[in-house]
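Here are my notes on the empty spaces and the bound ligand. Please read them with the model open.

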Amino acid sequence: MNEPQIPEIVEQADLQALNSLAVAAQAEFFCSVTTTEQLIQALNFANERQLPVTALGGGSNLVLAGDISGLVIYLDLMGISHQQLTPEQVHVSFAAGENWHSAVEYCLQQGWYGLENLSLIPGNVGAAPIQNIGAYGVELSDVFVRLEAIDTRSGLAVTMDSQACQFGYRDSIFKRSDRNHYLITEVTLALSTVAEVNIEYPALASALEGTDPTPASVSDAVCRIRRSKLPDPAVTPNVGSFFKNPIVDKQHLEQLTKDYSELPFYNQQAGDVKIPAAWLIDQCGYLGARVGDVGVHEKHALVLVNFGGSGAEILQLAAEIQAAVKARFDIALEIEPRIYGSPR
Ligand code: EPU
């Protein structure tokens, strides 16, 4: 008999090992689920007690501002399946708990291409659609087909396509109106069996200059570039980029380049430009800065690092950086990770 096991619910669970900023915080109730049936049982437990529900994946894109009331559910669903649609196209479905980088490596080994540029991004597959992960010229939305989720309001399974997810730059419906309404259980991506590579991103192009790039060599180059400037969360706790790169209009750009002729920017639609937030923060003197037990990574100004501080201290440093960038450049930096919990 394969009866679904009832998930063990723990009270006052420590979340420090489950968030890549290694912030100490507690969940009022916590459970880990390995099947959709267990997930529904966990939701029933929360509904019966009218507890709010928070989903936790790899914990690599969230800031715990304090303890979390209600039930925290760790989505430990595993499994990968695929469907060959044509000789060139395969749809690959990943359960939410699969580690993102392992999934990228697995696809490369199978000869399913399209994820190479997204190598080494921390976290689990289920979290990837939330911020529409992106790096080195590719975003998840470029290969996204659909996701399966449980609607926490009805307890029912839903399927959402790309349009329903409303993907944008580091954005989706899951960061906006539907913030806590869906628990993502599975993600399906369209990959190619044809070994085409995308090396338009300048840092990648120069890393591979003079070579005949393959998906495997692109993945290796992305890993090398990331390791050279981004701290390994297992060694130096962080959540990657702490702010989004801001987008400003042409007028604002003209104003800025009067004072800062070396300002880097990338053209967007409708004459807007994207400015690297790292450059703005760096200009304000924060590269490598340390304030108490939190700081800014010494090799990348967009990455806040934790040396044993609290989520509140991280957010305080973020607010200080936002104020400095606003005062100097009149640009409001937006925090990229999701914030959970309230200070004690
Ligand atoms: N720069 C500085 N000072 C620094 C670091 C960078 O001035 O300390 C300037 C340089 O001019 C550099 C530019 O910022 O050319 C851009 O830096 P980088 O190439 O590292 O990219 P980014 O814009 O900071 C974005 C993503 C990363 C992604 C890379 C590569 C966002 C918020 N971040 O970073 O994503 O890996 O591009 O595509 O869009 C993440 O989301 O966690 C993440 C790491």
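1. Start at the ligand. One of its oxygen atoms lies 3.5 Å from a side-chain N or O atom of Arg226. Ser241 offers a polar backbone atom 2.8 Å from a ligand oxygen. For Asn245, a side-chain N or O atom sits 2.7 Å from an oxygen of the ligand. These are polar contacts, meaning pairs of N or O atoms within 3.5 Å; within protein, one atom must be able to donate a hydrogen and the other to accept it, and residues adjacent in sequence count only if both atoms are side-chain atoms.

2. On its own, the ligand has 840 Å² of accessible area, and the protein covers 82% of that (Shrake-Rupley method, 1.4 Å probe). Around the ligand are 22 residues (a heavy atom within 4 Å). Tyr136, Tyr169, Arg170, Asn245 and His300 come nearest.

3. A word on the basis. This is a predicted model: local features need pLDDT of at least 70, side-chain atom pairs count only at pLDDT 80 or more, and totals for chains, interfaces and linings use all residues. Residues are numbered from 1 along each chain as its sequence is written, and side-chain values use heavy atoms, with hydrogens and water left out.

4. Now the largest pocket. A pocket is an open set of points on a 1 Å grid over the protein atoms alone, with protein on both sides within 12 Å along at least five of seven lines; lining residues have an atom within 4 Å of a point. This one holds about 1400 Å³ (the space filled by probe spheres set on the points, which are joined across faces, edges and corners). Its lining has 49 residues, with Gly134, Ala135, Arg170, Tyr201 and Ser241 nearest the centre.

5. Where does the largest pocket lie? Domain 2 (80-227) and domain 3 (231-340) both give residues to its lining, so the pocket lies between them (bounds from an automatic or database domain assignment). Strand 13 gives the largest share of this lining, four residues (strands are DSSP runs of E, at least two residues, numbered from the N terminus).

6. There is one cavity of 30 Å³ or more (a set of points where a 1.4 Å probe fits but cannot get out). The largest cavity has a volume of about 340 Å³. Of its 27 lining residues, Ala55, Gly57, Ala127, Ile130 and Arg338 are closest to the centre. Domain 1 (10-75) and domain 2 (80-227) both contribute to the lining, so the largest cavity lies between them. Strand 3 supplies the largest share, four residues.
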